[in-house]
Amino acid sequence: MDGTLHRQVLDTGLVPPKDRFGMWLDMIADSPAPLRIRSDHADDFVARAEFIDLGPIRLINYRYPSLECVRTRKLVQRSDPDYYLLALTTSGRGLTAQDGQRSALGAHEFTFYDCSRPHEVNHYGDDHGREAASSVVAFIPYDALPLPPGRLAPLFAGRMSGTEGIGALAAQYLLQITARPEQYHAADAGRLAGVGLDLISTMLGRHLVSEETVPTEVRRRALLTQVRSYIHQHLGETTLTPRQVADAHHVSVRSLHRLFEAEETTVAAYIRDQRLERCRRDLADPALRDRPVQLIAARWGFRDKAHFSRAFRAAHELTPQAYRVREREQARIVNTAASLVNSEPTY
C-alpha cells in the first residue's frame with residue numbers, strides 16, 4: 001500500500017543537556033556537506049532537524065539556537081559533494097559568505113551556496129534567546145538543476161526574496177512540504193521534486209543576468225505552477241477571468257491559452273473545475289451541513305445558482321443538494337458501522 005512521505009526527526013531535547021550539542025555535531029558530520037560549528041548555547045543545545053527525501057533532493061527543516069558555521073577547504077576536500085544548497089531563513093537573522101561575496105539575511109529570504117567550495121554561515125535567534133533561529137534547506141545535486149554551473153557563481157551567498165514573485169512560490173513549496181509531509185504520497189516524491197526544481201531553477205534564472213539561461217520547458221512548467229497557484233488563491237472572486245490571470249503574470253491572453261494547451265484544458269475550464277471541486281468538498285463537509293448551497297456556490301465564485309447547479313450536475317451527475325444528501329448518508333452508515341465495531345464486547 002502506498003504510504004506518505006517519510007520524515008526522519010532528530011530532536012536533541014530527547015537526550016540530557018550535556019549530550020545535546022554533541023548529538024548535533026554528529027548529525028552535521030554525517031551530512032552531505034559537513035561544517036565546523038560553534039554556538040554560545042553549546043551547554044544546553046535544544047534543537048530539531050526534520051529530513052524529507054524527494055527523489056534527487058533532500059529537504060531539511062531546522063530549528064536551533066544561534067550557530068556559527070564554517071565549511072573549510074579541508075572539509076571540502078574530505079567530502080567534495082556535488083551539491084548546491086538553497087536555504088530559506090524562516091526566523092532569526094543570518095550572515096553568509098562565499099567566494100568573496102557577503103550578505104546579511106533576514107526572515108523570508110533565500111541564499112544559495114556551492115557545497116564544493118568553502119563558505120561561512122552564521123544564524124542567530126533573538127538577542128535574549130527567547131526565539132530560536134530556523135530555516136528550510138534543500139540539498140540539490142549539480143545535475144538536477146538545468147543551469148550551467150559556471151553561470152551560477154554570481155548567486156553564491158547572495159540574497160533572494162522569498163515573499164515576491166516566483167521566490168514566494170518557491171518558499172511556499174518548501175514550507176508546505178516540510179510542515180505537512182503526511183499530506184503527500186511517497187509515490188509522488190519524484191513529481192514533487194520536479195515541481196520544486198522547476199520553481200527553484202526559474203527563481204535562480206531570474207536573479208541571473210538573463211533568464212534565458214533557464215530552459216524553455218522549465219520556465220513553462222514554472223509559469224504554469226505560478227498561474228495555478230494564483231487561480232487557487234482567487235477562486236472566490238467572481239471577476240476572475242483569463243484576462244485577469246494573464247495581466248497578473250504579464251503575458252498575453254493568447255500566451256496563457258497556449259500554456260494550457262499541453263494540459264488538455266482551457267484556462268476558463270480549469271477555473272470552473274477548481275471552483276466545482278471546492279464546492280464539492282464543502283458540500284461533503286459535515287461542519288458545513290447547515291450552510292445553504294447558494295452560499296457555498298457564492299463562496300467559490302458562482303454568482304448564479306441555476307448556472308452552478310447545471311455545472312455541478314454535469315460534473316457529478318447529481319444536483320448539489322442530492323450530492324450533499326448522498327454524502328451525509330454514506331457518512332452516517334460508516335459512523336454507525338464503526339460504532340457497532342467499537343461496542344462489541346471483548347473477552
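This short presentation describes how the strands and helices of one predicted model are arranged.

Good morning. The structure is a predicted model, in which local features need pLDDT of at least 70 and side-chain atom pairs count only at pLDDT 80 or more, while totals for chains, interfaces and linings use all residues. Residues are numbered from 1 along each chain as its sequence is written, and side-chain values use heavy atoms, with hydrogens and water left out. Helices (H or I, at least four residues) and strands (E, at least two) are DSSP runs numbered from the N terminus.

I begin with the sheets. Two strands are said to pair if DSSP finds at least two bridges between them. An open sheet of seven strands follows the order β1-β3-β4-β11-β6-β9-β12, and its pairing is antiparallel. Which strands stand at its edges? They are β1 (7–11) and β12 (160–161); each has a single partner strand, so one side of each is left without a neighbour in the sheet. The partner β3, residues 48–54, runs antiparallel to β1 and is joined to it by five bridges. Within that pair, V9 has E50 of β3 as its bridge partner.

Another open sheet has five strands in the order β2-β5-β10-β7-β8, again with antiparallel pairing. Its edge strands, β2 (36–38) and β8 (101–105), each pair on one side only. On average, neighbouring strands here are turned by 10 degrees against each other, direction ignored. Inside the sheet, β5 (residues 67–71) and β10 (residues 119–124) pair in the antiparallel sense over five bridges, and R71 stands opposite H119 in β10. Helix α1, residues 17–29, lies across β2 and β5 and runs at about 160 degrees to β2. Axes are lines fitted to C-alpha atoms, for helices over the stretch in contact, and angles run from 0 to 180 degrees between N-to-C directions.

I turn now to the helices. Two packed helices are described by the angle between their axes and the distance between the axes. Angles under 35 degrees count as roughly parallel, over 145 as roughly antiparallel, 65 to 115 as roughly perpendicular and the rest as oblique.

Helix α4 (residues 165–179) packs against helix α5 (residues 189–206) at about 150 degrees, with axes 9 Å apart. The two are therefore roughly antiparallel. Their crossing is left-handed, meaning that the near helix is turned anticlockwise from the far one by less than a right angle, whereas clockwise would make it right-handed. Among the residues in contact (heavy atoms within 4.5 Å) are L169 and Y173 of α4 and L199 and M203 of α5. By class, this contact of α4 with α5 has ten nonpolar, three polar and one charged residues. Here Ala, Val, Leu, Ile, Met, Phe, Trp, Tyr, Cys and Pro count as nonpolar, Asp, Glu, Lys and Arg as charged, and the others, Gly among them, as polar.

How do α5 and α6 pack, and at what angle? The angle is about 105 degrees, with the axes 9 Å apart; α5 and α6 are therefore roughly perpendicular. Residues that meet here include V195 and D198 in α5 and R219 and A222 in α6. The contact of α5 with α6 divides into four nonpolar, four polar and four charged residues.

Finally, α6 (residues 216–233) and α9 (residues 267–284) pack at about 50 degrees, their axes 10 Å apart. That angle makes α6 oblique to α9, and the crossing is right-handed. R228, I231 and H232 in α6 meet Y270, I271, Q274 and R278 in α9.

In an unreviewed entry, UniProt lists residues 225–326 as "domain: HTH araC/xylS-type". UniProt positions follow the numbering used here, feature names are shortened, and annotations may be inferred rather than shown by experiment. In the model, that span is 68% helix and 0% strand, and its end C-alpha atoms lie 34 Å apart. Thank you.
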